[in-house]
Amino acid sequence: MIKFPQDFLWGAATSAYQVEGDNVNSDWWQWEKDAGRENSGRASRHYEFYEQDFDLAKSLNHNTHRLSIEWSRIEPEDGKFSQEELKHYIDVILSLRMRNIEPMVTLHHFTNPAWFSKSGGRENRRSVAKFLRYCDFVIRSLGKHVHYWITINEPMVYIYHAYILGVWPPEAKSLLKAKAVEDNLVSAHTRAFRLMHKIYKELSIPKPSISVAQNMQAFVPCTQDFKNRFAAYLRGKWYNLGFLYKIMRRKAVDFIGVNYYSRQLVELEKWGIRNLAMDVCKNNHHPVKKNSLGWDIYPEGLCEVLLKLKKYELPIIITENGISTPDDNLRWEYIHDHLENIHLAMEKGVKVTGYLCWSLMDNFEWDKGFGPRFGLIDIDYSTYKRTVRESAVKFGRGCKTGELE
Ligand code: FCB
């Protein structure tokens, strides 16, 4: 039996576009239509059913919930802000507070307003000022109800999919653009961080706790060849830590948000920049169980990743961790084993203060559509009926007692 601290944050995460439905002013909505892709449509209809969903989270003993604000609802046209949508998010956050669930709010979770993308999106240097204007509007009203903020979800995943692989909007495949986007995101985060702290001070609200949610992977060399070890080391530095270093150097981090899912088995075909960055083992060496998207299940990697963060002496919150699978026993095994590894890291001195499972409910998994089931709660998309999975009940026991068998 292992035991987590009394004040540990327990709960689940969602993002607006993936659960709300009808985000018609978002660039992703536009992209789905233009590219003739599976439409997010009504998603999980969380925009309407959030009270019911939070009742379920409460019944599962969650004390924290991570959600995101859809910028395109708040600012559907350049410079035009919607009081009505702002009110919606205030209601959402207050309904968490009423249930004694701590909200953690993400300001940017992959999607942008369509008008913003048309004017160059994150490639454009002016995107930073536009993002700050949106943050200012939101923080002034929500500040007094929210302590934990994530400015940007998974900057590296966003850059990689949208600007290097080109499989997400705006489908760019350009290292130059990717670099510009990274610089702009570093600047957007840093300036938002400072602005938010300033507003809290001005309004005499106790200091907020702000971070990004950084996707981290376990980069494991397939064989102990120098080139595989070197590539794994480089990827850890660049992909897991690069963005964080930049914002830590600017003193713009209150805690570290970690999204952890999987392992990458690193095996280089030959020396080369692209090989160093991308090559993975294709021969099924060191097989492990996989999720329904083919991602390796590798819980010990979470402990390894956490130990690498120890030296920064900042509190760490697991802001996402979860599995898409039709096998609910495997879902519980996944959550359980990752919690065990978090605890192991904590025993070795890493200060982890919370764990948020991805996701509270089944939802729209970006370019993969509705197929993958990441939810603690099942959604029947023909009726939108919610059904709590057995794994959620087991996790809920842990949330209540802080203990794990
Ligand atoms: C993360 C994203 C989240 C969800 C999970 C499965 O990379 O932040 O929105 O799609 O993966």
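Start at the ligand: in this predicted model, the side chain of Gln-18 places an N or O atom 2.7 Å from one of the ligand's oxygen atoms. His-109 does something similar, with a polar side-chain atom 2.8 Å from a ligand oxygen. Then there's Glu-154, where an N or O atom of the side chain sits 2.5 Å from an oxygen atom of the ligand. Those three belong to a longer list of residues that surround the ligand, which also takes in Phe-110, Asn-153, Tyr-261, Glu-320, Trp-358, Glu-365, Trp-366 and Phe-374.

A couple of those surrounding residues are worth a second look for their backbone. Take Phe-110, one of the residues around the ligand. Its phi is near 75°, which is a positive value in a residue that isn't glycine. You'll find Phe-110 in the loop that runs between β4 (102–108) and α6 (114–118). Trp-358 is also part of the ligand's surroundings, and the peptide bond leading from Trp-358 to Ser-359 is cis, with omega near 10°. Ser-359 itself belongs to the loop between β9 (352–358) and β10 (377–380).

There's another cis peptide bond to look at, this one joining Pro-169 and Pro-170, with omega about 5°. Pro-170 is in the loop between α8 (155–164) and α9 (175–202), so let's follow the chain to those two helices. The helices α8 and α9 pack with their axes 9 Å apart, at an angle of about 150°. Angles over 145° count as roughly antiparallel, and α8 and α9 are therefore roughly antiparallel to each other. The crossing of α8 past α9 is right-handed. On the α8 side, the contact uses Pro-155, Tyr-158, Ile-159, Tyr-163 and Ile-164, while α9 brings Leu-175, Lys-177, Ala-178, Val-181, Glu-182 and Leu-185. Sort the residues of this contact by class and you get 9 nonpolar, 2 charged and no polar.

Now go back along the chain to helix α5 (residues 83–98), which packs against helix α7 (residues 127–142) at an angle of about 45°, their axes 11 Å apart. That angle makes α5 oblique to α7. The two cross in a right-handed sense. Which residues of α5 and α7 meet? From α5 come Gln-83, Leu-86, Tyr-89, Ile-90 and Ile-93, and they meet Phe-137, Val-138, Ser-141 and Leu-142 of α7. The contact of α5 with α7 has 7 nonpolar residues, 2 polar ones and no charged ones.

Helix α5 has another packing partner in helix α3 (residues 46–59), with an angle of about 10° and axes 10 Å apart. Angles under 35° count as roughly parallel, and α3 and α5 are therefore roughly parallel to each other. Here α3 contributes Tyr-47, Tyr-50, Glu-51 and Phe-54, and α5 answers with Glu-85, His-88, Asp-91, Val-92, Ser-95 and Leu-96. By class, the contact of α3 with α5 splits into 5 nonpolar, 2 polar and 3 charged residues. Set that beside the contact of α5 with α7, where no charged residues turn up.

Notes
Residues are numbered from 1 along each chain as its sequence is written. This is a predicted model: local features need pLDDT of at least 70, side-chain atom pairs count only at pLDDT 80 or more; totals for chains, interfaces and linings use all residues. Side-chain values use heavy atoms; hydrogens and water are left out. Axes are lines fitted to C-alpha atoms, for helices over the stretch in contact, and angles run from 0 to 180 degrees between N-to-C directions. Helices (H or I, at least four residues) and strands (E, at least two) are DSSP runs, numbered from the N terminus. Angles under 35 degrees count as roughly parallel, over 145 as roughly antiparallel, 65 to 115 as roughly perpendicular and the rest as oblique. A crossing is left-handed if the near helix is turned anticlockwise from the far one by less than a right angle, and right-handed if clockwise. Contact means heavy atoms within 4.5 Å. Ala, Val, Leu, Ile, Met, Phe, Trp, Tyr, Cys and Pro count as nonpolar, Asp, Glu, Lys and Arg as charged, and the others, Gly among them, as polar. A residue is near a molecule or strand if one of its heavy atoms lies within 4 Å of it. A polar contact is a pair of N or O atoms within 3.5 Å; within protein, one must be able to donate a hydrogen and the other to accept it, and residues adjacent in sequence count only if both atoms are side-chain atoms.
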